[in-house]
Amino acid sequence: MRKYAAVCQSRSHAEILLQSLGAQPQDIKFAVESETLERTLKRNGSDVVRGSLRDRALYRELLPAEVLVVSIRDKRRLRGVLEGIRRERGETPVLVLCFQPIADLPVDPEDHPWAHFVPVGDRFSTTLRADIRFAGAKTWVRKLREILDDAGRVLILLQDDPDPDGLACGLALRSLLGRKRSTMPMGSFGNVTRPENLEMIRILDLDLIKVADEDLGNYDAIVMVDTQPPHLRHKLPRVDAVIDHHPTQSTYEARFRDVRPAYGATATILVEYLRAERIKINERLATALLYAIRTDTLLLDRPVSHADVEAFSWLFARANINQVRRIERPALPLETLELFAEGLKKARMEDKVVFSHLGEVSREDIVPQLADFCLQVEGMDWSAVSGVCGNELVMSVRNVGFVQKAGSVVKAAFGSLGSAGGHRSMAKAVIPLENLPLDEHAKACDKTYRFIEDRFLAALRGEE
Ligand SMILES: [Mn+2]
C-alpha cells in the first residue's frame, strides 16, 4: 500500500507537506484539479490523479493509503471534498489540515468523526514562538561573544552552594563559546553539599574549583550563572556577564545581563542559546541540562514557562535518563535497608498521613527517600518522615499534590522551632534537638515523635 495520499490545491502546500512528512515525492499520491499542478507534481516524481474534487471516482483512484491528508486552501470546497472521501475512504485514516480556526470552517468536525482536524496555525504557533525566542537568543549570544572572546581566562562563578542548574549552565557556556576547563573554569566561594549534587558532579565528571577573593584578579572576565552578585556573601570587584532566572537585582553593574525571572531554570536560557547557534550538544551536556530543569522546576511542578517545557522535551530525547535516575537516587548504604525496615514497622497512620521515624541516620538524604516511598501507600495523602542527623531532627514531608501546600503546613507546624518550608508537594523542616522534648539522655524518643506528629496534624487541620 502506498504510504501517503493527499488532496491538494497548490504547489506550495504540496511542498510543505512533503517536507513535514519527511517523505520522498514517490511516497505520495496526489489528487488535484489543476492541470498545471498535475504537471509540476508529476515532473517532481509523484503519482497524480486529476479530476473534480467533488467526484467520488477521484478518491476511488487515490485510495487506499496508510493515511490521507486533506490540504484544501479554499475552505468553501471542504464540505464537498469530505463528502467524496467519506464514502470512499474505507479503512484509510484521514487528516484534515485547516488553514483557519476550526470555528470558522463551513463544516462541523463533529459531523465527520472519522477525520482528524488539525488547525495548522495553532500547531505552528508553538514552534513559531520558540523560533522567535531563538532569534532573540542569537543577539544575546553575539553580545556575550563580544565581551568574552578576547578574554584569555574566564571564570564561571556559581552560587555559594552550587546546584545542578548552575553546574549545567557552566558546562553549557563552555560548549557555547568553544572553551575548555583550562580557559573557562567553573568555581564557587563555597562547597557543594547536597548528596544529589555531589552525585551529579561524580557521574558527569564535572570539575569545580574553590575560589577565594584574591584569585579573582587572575581572570580576564567573570561570568555569573544562575545567581547575581547581591546573592553572594563575597563582594566582587566586578562582574562582566550575568545569566540568571532569579528576581532581577538592580544594585550591580555588568556589561551583559540576561535575567529572566519568568523562566523555571537558567538552563532553559542556555538551551535557547545553544539551539539558536545550532551547537551540537553531547549526551553529557544534555543530561546535565535536563537534570537542572528537572530539579529547579521540581519536575515541571512549579510555575514554568513554555520555554522550560520546550527545552525539557528537546533535552529529554538527547539525555541519558539512566544517569538522571542515578543522580536523583544516589546509591544508599546497605544499612539503610535495616533502618527502613525498622522505620516502616513502626510507621503510624492518622488522618491520611503516614508517619515514620528513622532515629539516628548517617546521611540526611535517606529521609526524603523513605518519604517518597511512604506516599505510595494506598489511601494516604501525606507522608512525614523524620531522621536525626547530628543534633538536628530533619523531617521530610510529601503529599499527593491536590491537598494543602506542603510548604505552608510545615511552616505552620515547625516554623517557630527551626527552619521549615518548601513547595506545593514537598517540604522539609530542620529542628535543633534542644527545641524538642527529649528523653533523659537528651535523645529523640517516642515522646519527641508524638510531639512532632501532633504539631503536624494540628497544622494540617488549621489549628494553631
Ligand atoms: Mn536555577
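User: What makes helix 2 a helix that lies across strands, and which strands are they?

Analyst: In this predicted model, helix 2 (residues 35-44) lies across strand 1, strand 2 (28-32) and strand 3. Its direction makes about 165 degrees with that of strand 3.

User: Which strands does helix 4 touch on the sheet, and at what angle to strand 4 does helix 4 run?

Analyst: Helix 4 touches strand 1, strand 4, strand 5 and strand 6 as it packs on the sheet. The angle between the directions of helix 4 and strand 4 is about 165 degrees.

User: Why is the sheet called open, and in what order do its strands stand?

Analyst: The order of the 6 strands is 3-2-1-4-5-6, with parallel pairing. Strand 3 (47-50) and strand 6 are the edge strands, since each pairs on one side only. On average, neighbouring strands of this sheet are turned by 20 degrees against each other, direction ignored.

User: How do you know that strand 5 and strand 6 pair?

Analyst: A pair of strands needs at least two bridges. Strand 5 and strand 6 have 5 bridges, in the parallel sense, and therefore count as paired. One of the bridge partners is alanine 115 in strand 6, which stands opposite valine 94.

User: Which residues of helix 4 are buried, and why are they said to be on the same side?

Analyst: In helix 4 (residues 78-88), the buried residues are Leu78, Val81, Leu82, Gly84, Ile85 and Glu88. They cover an arc of only 160 degrees around the axis, and therefore they lie on the same side of helix 4. In general, an α-helix has 3.6 residues a turn, so residues three or four places apart point the same way. The buried residues of helix 4 pack against strand 1 (4-8), helix 3 (56-62), strand 4 (67-71), strand 5 (94-98) and strand 6 (115-119). After helix 4 comes glycine 90, with a positive phi near 60 degrees.

User: What makes the residues at the manganese ion its donors?

Analyst: A donor is an N, O or S atom within 2.8 Å of the metal. Asp165 (OD), Asp226 (OD), His245 (NE2) and Asp296 (OD) coordinate the manganese ion at 2.0 to 2.3 Å, and therefore they count as donors. Along the chain, the donors follow the spacing D-x60-D-x18-H-x50-D. Distant parts of the chain are linked here: aspartate 165 is in helix 6 (residues 164-177), and histidine 245 is in the loop between strand 11 (241-244) and strand 12 (256-259), 80 residues apart.

User: Why are aspartate 165 and histidine 245 called buried?

Analyst: The cut-off for buried is under 20% relative accessible area. Aspartate 165 has 0% relative accessibility and therefore counts as buried. Histidine 245 has 10% and so counts as buried.

User: How do you know that helix 8 is mostly covered?

Analyst: Of the 11 residues in helix 8 (residues 266-276), 10 are buried. Among them are Ile269, Leu270, Val271 and Tyr273. The buried residues of helix 8 pack against helix 5 (120-148), helix 6, strand 11, strand 12, helix 9 (283-296) and helix 10 (306-316). Just after helix 8, arginine 278 has a positive phi of about 50 degrees.

User: Why does asparagine 320 count as buried?

Analyst: Its relative accessibility is 18%, so asparagine 320 counts as buried, the cut-off being under 20%. Asparagine 320 lies in the loop between helix 10 and helix 11 (321-328). The side chain of asparagine 320 reaches the backbone nitrogen of glutamine 323 at 3.1 Å.

User: What joins the side chain of histidine 357 to those of serine 386 and glutamate 453?

Analyst: Histidine 357, in strand 14 (residues 353-360), has a polar contact of 2.8 Å with serine 386 and one of 2.7 Å with glutamate 453. The limit for such a contact is 3.5 Å. At 15% relative accessibility, histidine 357 counts as buried.

User: What makes strand 15 and strand 16 a hairpin?

Analyst: Strand 15 (residues 382-389) and strand 16 pair in the antiparallel sense over 8 bridges, with 2 residues between them. In the turn, glycine 390 has a positive phi of about 65 degrees. Strand 16 (residues 392-399) also pairs with strand 18 (residues 426-432), in the antiparallel sense over 7 bridges.

Key: Residues are numbered from 1 along each chain as its sequence is written. This is a predicted model: local features need pLDDT of at least 70, side-chain atom pairs count only at pLDDT 80 or more; totals for chains, interfaces and linings use all residues. Side-chain values use heavy atoms; hydrogens and water are left out. Buried means under 20% relative accessible area, exposed over 50%, partly exposed in between (1.4 Å probe, protein chains only). Helices (H or I, at least four residues) and strands (E, at least two) are DSSP runs, numbered from the N terminus. The arc is that of the directions from the helix axis to the C-beta atoms. Contact means heavy atoms within 4.5 Å. Axes are lines fitted to C-alpha atoms, for helices over the stretch in contact, and angles run from 0 to 180 degrees between N-to-C directions. Donors are N, O and S atoms within 2.8 Å of the metal (3.2 Å for Na, K and Ca); water is not among the atoms, so sites may look incomplete. A polar contact is a pair of N or O atoms within 3.5 Å; within protein, one must be able to donate a hydrogen and the other to accept it, and residues adjacent in sequence count only if both atoms are side-chain atoms.
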